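Student: I have a model open and want to learn how to read it. Can we go through it feature by feature?

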Amino acid sequence: MKNNIIDGKEIAKNIRAGLAKEIEMIKEKYGKVPGLAVILVGHDPASHTYVSMKEKACKKIGMYSEVHRLSEDTTQDQIIELIEKLNKDDKIDGILVQLPLPKGINENIVNYKISPEKDVDGFHAINAGNLFLGEKSFVPCTPKGIIRLIKETGIEIEGKNAVVVGRSNIVGKPTAILLLNENATVKICHSRTRDLAKHVKEADILVSAVGKPEIIKGEMIKEGAVVIDAGTTKVDGKLVGDVEFDLAKDRASWITPVPGGVGPMTITMLLENTLEAFKKRWN
Ligand code: GUN
């Protein structure tokens, strides 16, 4: 890694190369490959971009993938019917419903219909519950990637003050639980937190997942902190993180850039989870 920048792109590339090799070996031995099905409902442009990237990433490492692009007016029952079909489909090891779903559809109810063994996003209550209990589970992709990036720095997590900014079910909450499972002392800040700066200044490990450009000012960063920026917002066509990067970089011991930090890890962890699902089903 260059300077103190955590190069998520390079780390993700190396992991994907390992996954591709493993899939090649599986194909030779069993004559089949892991498969991922993605369900995309509606016309959210960011979701369409993410799903296309997921589709390409699967193909590149030799994984089977299918994408079900459904119209905005698809009903909850129609989505559930498709999930039930995919649950029984032998070609499919992982099922992912791209979020957000259109208004009127309950994301949790939809996710509960995915077989927990195929829930590669780790959003099913069984997997979320097992994560909470510290048991083996599918771990949500972005939080899993965040922990992997922290571990790449060689810095020990145990005993550190970790501050997570953001409490979403997709990133903030599971990241906090994973850090707790690694024996960090964990604090979660959110939109109602008073004096955010005071809490952020305590962080040996800071993870921000808010989606508010540069809400974390450089001066809030503790000297020597590890800073993981999982926020991405498009500003004038450019991706901007939650952290004021140029100033934070000088105080942090390690920091992720946006883009090229957490982003490439999310899809990589999805590929890893799908391979894990395949192995669990067929071994
Ligand atoms: N939307 C934004 N991030 C994610 C993710 O990790 N999984 C799914 N299914 N939808 C998302």
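**Reading the model**

Tutor: Start with a stretch of chain. Over residues 140–281, 37% is helix and 18% is strand, and the end C-alpha atoms are 19 Å apart. Keep in mind that this is a predicted model.

Student: Which UniProt annotation covers residues 140–281?

Tutor: The unreviewed UniProt entry labels them "domain: Tetrahydrofolate dehydrogenase/cyclohydrolase NAD(P)-binding". The UniProt record also places "domain: Tetrahydrofolate dehydrogenase/cyclohydrolase catalytic" at residues 6–121, again in an unreviewed entry. Over residues 6–121 the chain is 50% helix and 16% strand. The end C-alpha atoms of that stretch are 24 Å apart.

Student: Which domains does the domain assignment give?

Tutor: Treat it as its own source, with its own bounds. Domain 1 spans 30–115 and domain 2 spans 141–263. Their C-alpha centres lie 28 Å apart.

Student: Where does the ligand lie relative to domain 1 and domain 2?

Tutor: Ask who supplies the shell. Both domain 1 and domain 2 give residues to it, so the ligand lies between them.

Student: Which residues are around the ligand?

Tutor: They are L96, V97, Q98, L99, D121, C141, T142, I170 and T266. Two elements give two or more residues each: β3 (94–97) and α6 (141–152). By character, the shell divides into 5 nonpolar, 3 polar and 1 charged.

Student: Which residues does the "binding site" annotation cover?

Tutor: Read an annotation as a pointer, then look at the coordinates. The UniProt record, an unreviewed entry, covers G166, R167, S168 and T232. Take two of these, G166 and S168. G166 lies in the loop between β4 (161–165) and α7 (172–181). S168 is also placed in the loop between β4 and α7.

Student: Is G166 buried or exposed?

Tutor: Count C-beta neighbours inside 10 Å. The cut-off for buried is 20 or more. G166 has 24, so G166 counts as buried. S168 has 17 other C-beta atoms within 10 Å, so S168 is partly exposed.

Student: What is G166 in contact with, leaving aside its neighbours within four places in sequence?

Tutor: Setting those neighbours aside shows what the fold brings together. G166 is in contact with V171, G172, H190, S208, A209 and V210. With the same exclusion, S168 is in contact with K173 and A209.

Student: What is the strand order in the open sheet of 5 strands?

Tutor: Read across the sheet, not along the chain. The order is β5-β4-β6-β7-β10, with parallel pairing. At the edges stand β5 (185–189) and β10 (254–255). Each has a single partner strand, so one side of each is left without a neighbour in the sheet.

Student: How many bridges pair β6 and β7?

Tutor: Bridges tell you how far a pairing runs. Strand β6 (residues 205–208) and strand β7 (residues 226–229) pair in the parallel sense over 4 bridges. One residue to find is S208, whose bridge partner in β7 is D229. S208 is also among the contacts of G166.

Student: Where are the cis peptide bonds before P100 and P259?

Tutor: Check omega first, then the location. The bond from L99 to P100 is cis, with omega near 0 degrees. P100 is found in the loop between β3 and α4 (107–112). L99 itself belongs to the residues around the ligand. A cis peptide bond also joins V258 and P259, with omega about 0 degrees. P259 sits in the loop between β10 and α10 (263–282).

Student: What is the phi of E214, and what is that of D236?

Tutor: Look at the sign, then at the residue type. E214 has a positive phi of about 55 degrees although it is not a glycine. E214 is in the loop between β6 and β7. With 19 C-beta neighbours inside 10 Å, E214 counts as partly exposed. D236, also a residue other than glycine, has a positive phi near 50 degrees. D236 is placed in the loop between β8 (233–235) and β9 (238–240). It has 5 C-beta neighbours inside 10 Å, so D236 counts as exposed.

Student: How many residues apart along the chain are N108 and I5?

Tutor: Compare sequence separation with distance in space. N108 and I5 are 103 residues apart along the chain, and their C-alpha atoms are separated by 36 Å. N108 is in helix α4. With 11 other C-beta atoms within 10 Å, N108 is exposed.

How values were computed:
Residues numbered from 1 in each chain as written. Predicted model: local features only at pLDDT ≥ 70, side-chain atom pairs only at ≥ 80, totals over all residues. Near = placed C-beta within 6 Å. Nonpolar A, V, L, I, M, F, W, Y, C, P; charged D, E, K, R; others polar. Domains from an automatic or database assignment. UniProt positions renumbered as here; feature names shortened; annotations may be inferred. Buried ≥ 20, exposed ≤ 12 C-beta atoms within 10 Å, placed from the backbone. Contact = placed C-beta atoms within 7 Å. Pairing = 2+ DSSP bridges.
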